[in-house]
Amino acid sequence: MSGFEGSYLGANDRIGPAAVMECKICWTPYDPAMGDDFRQILPGTPFTALPEDWSCPHCGAPKNQFMVLSDPEADAVSAAVAERVARLVADFEDVWHSKMRDVPLVNKALHVEAVGFRLHEGRPLGVLVAPWFMNLVLLPAEGEDWSTLAPGEKENIAFPSGDYEFLHNVRPMGGGYKACSLFSPMNDFSSQLQAVEVARAVMAALFDPQNRAETDRAAEIRAAREADLAPPAADPEPSRRAVITAGLGQAG
């Protein structure tokens, strides 16, 4: 199934087999339990298994114009992810109130908030906004133990838009996690709403292959080493992180 526009930032694999879909043009539903008599689609056929040329039986809209109306499997996953993300937020709220509130560089217009968390290859992934940073955060999969991660250890993780450098860390309440720094400090943000909008834009850009840099990670590393030995070029090539956050910190 190609080019799905409706839900989950285009992540087609997140549509469960029992998901009821709805045409966003005419609001006609497709229920897998019912199938589609018009196109001789048998009951029990998931939306993702429909033929590529299948279209809305009422208005003819293509498959990529359908949105998720209900999805029992996704609802169950969302509840499990929400519980684990809540622990992460509680952990950093504790840091904010106990250690960071009086630090001069914090932005007191902001508060700790998790934005756009979803499953990526079975692991919760999203953006954590705090008064002193905005990080892309990856949590362990269900049953996966990251309590032995070495804080400060680096790891490159691949996404459709490129490879990004994550740091390992472990927190008392939330346990082990991996974080990629997006913004720090946060003084360029005038409100929580602006920071959240940027975080959502980052999540969308992260999974857009069009944001992939022309060079691979090895080339970036070589360029960084060369920059240490020579004056910087007038127009240096942006890093992958710059690609997904370009100009977002100055958004109005």
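This is a guided tour of a predicted model, arranged as a series of selections to make in the viewer.

**The six-stranded sheet**

Begin by selecting strands 4 to 9, which form an open sheet in the order 4-5-6-9-8-7 with antiparallel pairing. Strand 4 and strand 7 are the edge strands, each of them pairing on one side only. If you look along the sheet, neighbouring strands are turned against each other by 35 degrees on average, direction ignored.

Next, restrict the selection to strand 5 and strand 6, which form a hairpin with two residues between them and pair in the antiparallel sense over six bridges. Within this pair, Val 127 stands opposite Leu 136 in strand 6. Now add strand 9, which pairs with strand 6, again in the antiparallel sense, over five bridges; here Leu 136 stands opposite Cys 180 in strand 9.

Is strand 6 mostly covered or mostly open? Six of its six residues are buried, and the burial concerns both faces, with Phe 133, Asn 135 and Val 137 on one side and Met 134, Leu 136 and Leu 138 on the other.

**The largest nonpolar core**

With strand 6 still displayed, select Val 127, Met 134 and Leu 136, the residues that touch the most other members of the largest nonpolar core, which has 27 residues. At least two residues of this core are supplied by each of strand 5 (123-130), strand 6 (133-138), strand 7 (154-159), strand 8 (162-171), strand 9 (175-183) and helix 2 (192-206). The largest share, seven residues, comes from helix 2.

Centre the view on Met 134 and show its surroundings. Leaving aside neighbours within four places in sequence, Met 134 is in contact with Val 127, Leu 128 and Val 129, with Cys 180, Ser 181, Leu 182 and Phe 183, and also with Met 186, Phe 189, Ala 195, Val 198 and Ala 199. A second, separate core of 19 residues can be located through members that include Val 85, Met 100, Ala 130 and Val 137.

**Helix 2**

Select helix 2 and colour its buried residues, which are Gln 192, Gln 194, Ala 195, Val 196, Val 198, Ala 199, Val 202, Met 203, Ala 205 and Leu 206. A distance between the end C-alpha atoms gives a check on the helix: at 1.5 Å a residue, its 15 residues should span 21 Å, and the ends are 21 Å apart, so the two values agree.

**Two buried residues to inspect**

Move to His 120, which lies in strand 4 (residues 113-120). His 120 counts as buried because its relative accessible area is 11%, under the 20% limit. Beyond its neighbours within four places in sequence, His 120 is in contact with Leu 125, Ala 158, Phe 159 and Phe 207.

Then select Arg 84 in helix 1 (residues 72-100), which is likewise buried, with a relative accessible area of 15%. Not counting residues up to four places away in sequence, Arg 84 touches Pro 124, Leu 139, Pro 140, Ala 141 and Glu 142.

**The three-stranded sheet**

Turn now to the open sheet of three strands, whose order is 2-1-3 with antiparallel pairing. Its edge strands are strand 2 (29-30) and strand 3 (66-70), each pairing on one side only. Strand 1 (residues 20-23) and strand 2 pair in the antiparallel sense over two bridges, and Glu 22 can be selected together with Pro 29 in strand 2, which stands opposite.

**Salt bridges**

Finish with the charged side chains, among which a search of the whole structure finds seven salt bridges. Which residue meets Arg 39 in a salt bridge? The partner is Asp 53, at 3.1 Å from N to O, and both residues lie in the loop between strand 2 and strand 3, 14 residues apart. Arg 39 is partly exposed, at 27% relative accessible area, whereas Asp 53 is exposed, at 57%.

Another salt bridge joins Lys 63 and Glu 52 (3.9 Å, N to O). Both lie in the loop between strand 2 and strand 3, so the pair ties together parts that are eleven residues apart in sequence. Lys 63 is buried at 5% relative accessibility, while Glu 52 is exposed at 52%.

The last stop is the salt bridge between Asp 91 and Arg 171 (3.4 Å, N to O). Asp 91 lies in helix 1 and Arg 171 in strand 8, so this pair ties together parts that are 80 residues apart in sequence. Asp 91 is buried, with a relative accessible area of 1%, and Arg 171 is buried as well, at 19%.

Conventions: Residues are numbered from 1 along each chain as its sequence is written. This is a predicted model: local features need pLDDT of at least 70, side-chain atom pairs count only at pLDDT 80 or more; totals for chains, interfaces and linings use all residues. Side-chain values use heavy atoms; hydrogens and water are left out. A nonpolar core is a set of buried Ala, Val, Leu, Ile, Met, Phe, Trp, Tyr and Cys residues joined through side-chain atoms within 4.5 Å. Buried means under 20% relative accessible area, exposed over 50%, partly exposed in between (1.4 Å probe, protein chains only). Helices (H or I, at least four residues) and strands (E, at least two) are DSSP runs, numbered from the N terminus. Contact means heavy atoms within 4.5 Å. Two strands pair if DSSP finds at least two bridges between them. Axes are lines fitted to C-alpha atoms, for helices over the stretch in contact, and angles run from 0 to 180 degrees between N-to-C directions. The expected span of a helix is 1.5 Å times one less than its number of residues. A salt bridge is a side-chain nitrogen of Lys or Arg within 4 Å of a carboxyl oxygen of Asp or Glu.
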